[in-house]
Amino acid sequence: MNKWWVVARREWQVSFQSPLAYVLLGIWMLLAGYFYVSILLGNQTTNLSALYQNLIILLLFIAPLLTMRLLAEERRTGSEELMLTAPLSPAQWVAGKYIGALLVWTVFSVVSLLFPLVTSRLGTLDWGITASSFLGLWLFGASTLAIGIFASSLTENQVVAAMVSFAVVLLFYATTWIQTTGWVSTLLTYVSMPGQLNNFTLGVIGVQNLIYFVSLIFGFLFISVRAVDLRRWT
Amino acid sequence: MDSVIDVIDVTKRYGPSRGVQGVSFSVRRGEVLGLLGPNGAGKTTTLRVITGFLPANGGRVLVEGHDIWEEPYEVRRRIGYLPDNPPLYPEMTVYEYLNFMGQLHELPAARRGVRIDEVAERLQLGDVLGRLIGRLSRGYRQRVGLAQAVLHEPPVLICDEPTVGLDPRQIAEMRELIRSFGQEHAVIFSSHILHEVRLLCSEIVIIHRGQVVTQGSPQDLTERLHGGTTQWLVRAKGPGDAVAAALRSVPGVHAVQEQPSPEGEAETAGVVRLLVEAGSTGGEDLADRLFGALAAGGWPARELRQLETSLEDVFLELTAAEQASSTTVAEPAHAKAGPQRGGGRR
Ligand SMILES: Nc1ncnc2c1ncn2[C@@H]1O[C@H](COP(=O)(O)OP(=O)(O)OP(=O)(O)O)[C@@H](O)[C@H]1O
Ligand SMILES: [Mg+2]
């Protein structure tokens, strides 16, 4: 059995032993339901892209709470010491932690499929757009978790970890809010998360967009591993 | 090379002055090495370098010939580690936790079950396997920590202050466990209790302010620390001068002096309190001879015991010895004046 999977499974089990996951899941579904009712029934439309945009904003706030614990708590309690002296690499450990959180997030995202399901009962639903929007949402979540685990690797204070990850995710979300021209503008548009999500909400799954999210995830996981490794030297 | 673990000139700096410097020792299978030092001496730091948690600034650590920095994986498989105040996962049950650690240490499923049963039996954890670790008492948590350290049958077992915070019965149990593990593993453990280290170890390394002050077998150290003498406290009912003279004539006794009673304690009327300095050999016999001398004089003995040297005294002696040797030709610095400081425990 792979070591990262051993770690991921423990993480998954522990997540659902604390009330935090249930509280967040409750908030997630409650607010998503509210958005759903207000947007879709109010506008009399079955296009779910507006709902997905709102879920992404909701996720900005929820993802940092899902990841703040991951490495910061291990550092505070010292259990990190037993993990880093066990026969597994820091990369396997961080990967395991990340996958565990990713599984939890997958539960959140799958539960939100309730809304498209309801819509398809009430009227006609474009399943293509829904599927690509869902994928976009899931990838966005996966990226914010990677950013969150990085923030969690920097400190032993969970609150600080949550705030740092919120700030970094928000920055990625808001890069295009500043007026620029030329290559800076091109760069900022490329880095912008909403820009990369546009295609998904239109029903298009672009290779370029996939590459963007996957490299974001691996990039942040990589520097998290480096941070775990390096902080022992200080 | 038959040693299981070799620590060679390890140095770890946290800043310009703190950390540890030039620590070297090796431990064979079936040996227990005690790392002894007061708070802040560098015990935890040394153990963390050995386990590979902290990178050293210099020196090497070899476990069965594998270097901790060149082959970290090979070394980690061979080490069982019980950190100070063992950081376990409070939200898991004991069984889940041991199972998890067993998986990380690559025990196959069947073997894992067998080992968890064995270890639970040996550490008396059978009744709490299904309990959450966070709800366990300190003593049980310490045992869970030890269980996870020995689960994969590592050749090297490293324990950081394993008896701190336990009650006397648990301390005795923990010491017994360490002793028994020492018969099949190479064990390194740290402590700030001289008595405990002397009891369990075949080799002692005394560390102070990050430096190794002295190392050797308990016998070596006793000789070195006391200049080959032991000290005894004798309280008997009788005339001070006569009793002292009688004891002085007992073979093996070097000196006898009257000792004031400790502050706040009034000595019973008619009872003398004497400090006897004697050779370090023949401990029990000497006690018998001292008793004999008292009995022969018809002086009822109220108390007769060997005084232990506390770690504090050891350091006073050691630093005194250092200073003496730097100015004059070294002379064993064992001439201790005045009452025992924190000496024999009652
Ligand atoms: N992470 C750290 N950063 C800076 N200094 C440290 C760090 N850890 C320990 N030290 C310092 O290094 C010295 C040795 O500490 P260490 O924890 O190894 O001592 P110890 O012998 O284990 O003490 P104790 O009996 O209190 O556990 C101390 O002066 C301590 O303040
Ligand atoms: Mg310590």
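In the predicted model, Arg10(A) lies over the face of Phe100(B), at 5.7 Å from the ring centre. Arg10(A) also belongs to a network of salt bridges in which Glu11(A), Arg69(A), Glu73(A), Glu74(A), Lys97(A) and Glu91(B) are the other members. The network therefore includes residues of chain A together with Glu91 of chain B. A second arginine placed over a ring is found in chain B, where Arg122(B) sits over the face of Phe181(B), 4.2 Å from the ring centre. Arg122(B) is part of helix α4 of chain B, which covers residues 109-122.

Over all chains, the structure holds 28 salt bridges. One of these joins Arg78(B) to Glu64(B), with 2.7 Å between the closest N and O atoms. The two residues come from distant parts of the chain, 14 residues apart: Arg78(B) is in the loop between α2 (72-77) and β6 (79-82), and Glu64(B) is in the loop between β4 (58-63) and β5 (66-67). The partners differ in their burial class, since Arg78(B) is buried at 18% relative accessibility, under the 20% limit, whereas Glu64(B) is partly exposed at 40%.

Glu153(B) takes part in two of the salt bridges described here, one with Arg111(B) and one with Arg115(B). In the pair with Arg111(B), the closest N and O atoms are 2.8 Å apart. Arg111(B) lies in helix α4 (residues 109-122) and Glu153(B) in the loop between α5 (138-150) and β7 (156-159), so this bridge ties together parts of chain B that are 42 residues apart in sequence. Both residues are partly exposed, with relative accessibilities of 33% for Arg111(B) and 44% for Glu153(B). In the pair with Arg115(B), the closest N and O atoms are 3.9 Å apart, a separation that still counts as a salt bridge because the cut-off is 4 Å. Arg115(B) is likewise in helix α4, so the second bridge ties the same loop to that helix across 38 residues of sequence. Arg115(B) itself is buried, at 9% relative accessibility.

Aromatic contacts were examined next. The structure holds 16 aromatic pairs over all chains. Among them, Phe172(A) and Phe220(A) form an edge-to-face pair, with 6.0 Å from centre to centre and 75° between the planes. Phe172(A) lies in helix α9 (residues 158-173) and Phe220(A) in helix α12 (residues 207-230), so the pair ties together parts of chain A that are 48 residues apart in sequence. Both rings belong to buried residues, with relative accessible areas of 17% for Phe172(A) and 11% for Phe220(A). Elsewhere in chain A, one aromatic cluster is made up of Tyr190(A), Phe200(A), Tyr212(A) and Phe213(A).

On the surface, a nonpolar patch is formed by Val37(A), Leu41(A), Leu114(A), Val118(A) and Leu122(A), which together have about 440 Å² of accessible area. The elements of chain A that each give two or more residues to this patch are α2 (19-43) and α7 (114-122). Helix α7(A) provides the largest share, 3 residues. Leu114(A), one of the patch members, is located in helix α7. Leu114(A) counts as partly exposed, at 42% relative accessibility, and therefore passes the threshold of over 30% that patch membership requires.

No disulfide is present: a search of the whole structure finds 0 over all chains. For Cys159(B), the closest cysteine sulfur is that of Cys201(B), and the 11 Å between the two is too far for a bond, because a disulfide needs the sulfur atoms within 2.5 Å. The relation is mutual, as the closest cysteine sulfur to Cys201(B) is in Cys159(B). Both residues are buried, with relative accessibilities of 0% for Cys159(B) and 7% for Cys201(B).

Ser202(B) is found in the loop between α7 (194-200) and β9 (203-208) of chain B. This serine is partly exposed, with a relative accessible area of 34%. Between Ser202(B) and Met92(B) there are 37 Å in space, C-alpha to C-alpha, and the two are 110 residues apart in sequence.

How values were computed: Residues are numbered from 1 along each chain as its sequence is written. Chains are lettered from A and ligands numbered from 1 in the order in which they are written. This is a predicted model: local features need pLDDT of at least 70, side-chain atom pairs count only at pLDDT 80 or more; totals for chains, interfaces and linings use all residues. Side-chain values use heavy atoms; hydrogens and water are left out. Patches are made of residues with over 30% relative accessible area and no salt bridge: like charges are joined within 9 Å, nonpolar side chains (Val, Leu, Ile, Met, Phe, Trp, Tyr) within 5 Å. Accessible areas come from the Shrake-Rupley method with a 1.4 Å probe; for residues, only the protein chains shown count as cover. A salt bridge is a side-chain nitrogen of Lys or Arg within 4 Å of a carboxyl oxygen of Asp or Glu. Helices (H or I, at least four residues) and strands (E, at least two) are DSSP runs, numbered from the N terminus. Buried means under 20% relative accessible area, exposed over 50%, partly exposed in between (1.4 Å probe, protein chains only). Rings of Phe, Tyr and Trp (its six-membered ring) pair if their centres lie within 6.5 Å; planes under 30 degrees apart count as stacked, over 60 as edge-to-face and the rest as tilted. A charge sits over a ring if NZ of Lys or CZ of Arg is within 6 Å of the ring centre and within 35 degrees of the ring normal.
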